[in-house]
Amino acid sequence: MSDTLIRGHKDFRSRYVAREGEFLQRLASEGQSPAALYIGCSDSRVIPELLTSSAPGELFVVRNVANLAPPRGHANASVGAAIEYAVGFLKVAHVVVCGHYGCGGIRAVLDGLGHLQGFTSLTEWLRSAVPGVDRARAMLPEEPTEGEVLWRRAVEENVVEQLANLVTFPSVGEALEAGKLVLHGWVYDLFSLDLSVYDVASDRFLPAEQVLLR
């Protein structure tokens, strides 16, 4: 596998760098100024730059299991550090939290974290997804835990929960109050390949095309 990745880098140099070498050199010398912080899942099928047709330098990306943004003060400060750096120093104008249907991390929370015996780090990490999953259960009390409808709603509510967590960071709150930052909640559908966007006014996820037409 490592040979495949190294050959892939060689292909990157011969194809992409051959066309965009000057642009990449400019990025290296002038520094980064991304427009958005993108917080997404580590799932290998959900690639932010590919899904958004973004070029190098346009997105400041954080990926982790279940696209979590734990609140300020969480024991794992890695995501918090990225949030503070992107908003406080890089001055991004947008923060996107993107979940996806079929998320294994959310499935694990639905099944109960007790199933993850022996995986202590994963268990502790996924606790930040519990509030959103519990809210989905409360909304759909008749839906079976193993059902697709509940799983999809849990993915959505987890995104909404992480948006709320972002506001616990002073730099985010200050930028929002100053009108310099906008938060976005997205859900990508692995099956239909469509994107849904959270609409605060209606408290639901709408097709991205419908949001663009507003």
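Is Cys-41 buried or exposed? In this predicted model, Cys-41 is buried, because its relative accessible area is 8% and a residue counts as buried when that value is under 20%. That makes Cys-41 a good place to begin our walk through the structure.

Let's stay with the cysteines for a moment. A disulfide is a covalent bond between the sulfur atoms of two cysteines. When the whole structure is searched for such bonds, zero disulfides turn up. Cys-41 has the sulfur of Cys-103 as its nearest cysteine sulfur, 4.2 Å away. Two sulfur atoms have to be within 2.5 Å to be counted as a disulfide, so Cys-41 is in no disulfide. Cys-98 is in no disulfide either, and its nearest cysteine sulfur, that of Cys-41, is 9.2 Å away. Like Cys-41, Cys-98 is buried, with a relative accessibility of 2%.

Now have a look at the nonpolar residues. The largest nonpolar core has 46 residues. Which of them touch the most other members? They are Leu-37, Ile-39, Ile-83, Ile-106 and Leu-166. Helix α7, which runs through residues 148–166, gives this core its largest share, eight residues. Try finding Leu-37 in the picture: leaving out residues up to four places away in sequence, its contacts include Phe-60, Val-62, Ile-83 and Ala-86, and also His-94. Another core, of nine residues, lies apart from the largest one, and Val-46, Val-96, Leu-190 and Ala-208 are among its members.

Ala-208 leads us on to Leu-195, since these two residues are in contact. You will find Leu-195 in strand β5, which covers residues 195–199. Leu-195 is partly exposed, because its relative accessible area is 23%, and values from 20% to 50% fall in that class. Beyond its neighbours within four places in sequence, Leu-195 also touches Trp-186, Val-187, Tyr-188, Leu-206 and Pro-207. There is a link back to our cysteines here: Leu-195 and Cys-98 are 97 residues apart in sequence, while their C-alpha atoms are 9.4 Å apart in space.

Our last stop is a serine. Where is Ser-128 found? Ser-128 sits in the loop between helix α5 (120–126) and helix α6 (130–139). Even though this residue belongs to a loop, Ser-128 is buried, with a relative accessible area of 10%. Setting aside residues up to four places away in sequence, Ser-128 touches Leu-68, Pro-70 and His-74, together with Asn-158, Glu-161 and Gln-162.

Technical notes
Residues are numbered from 1 along each chain as its sequence is written. This is a predicted model: local features need pLDDT of at least 70, side-chain atom pairs count only at pLDDT 80 or more; totals for chains, interfaces and linings use all residues. Side-chain values use heavy atoms; hydrogens and water are left out. Buried means under 20% relative accessible area, exposed over 50%, partly exposed in between (1.4 Å probe, protein chains only). Helices (H or I, at least four residues) and strands (E, at least two) are DSSP runs, numbered from the N terminus. Contact means heavy atoms within 4.5 Å. A nonpolar core is a set of buried Ala, Val, Leu, Ile, Met, Phe, Trp, Tyr and Cys residues joined through side-chain atoms within 4.5 Å.
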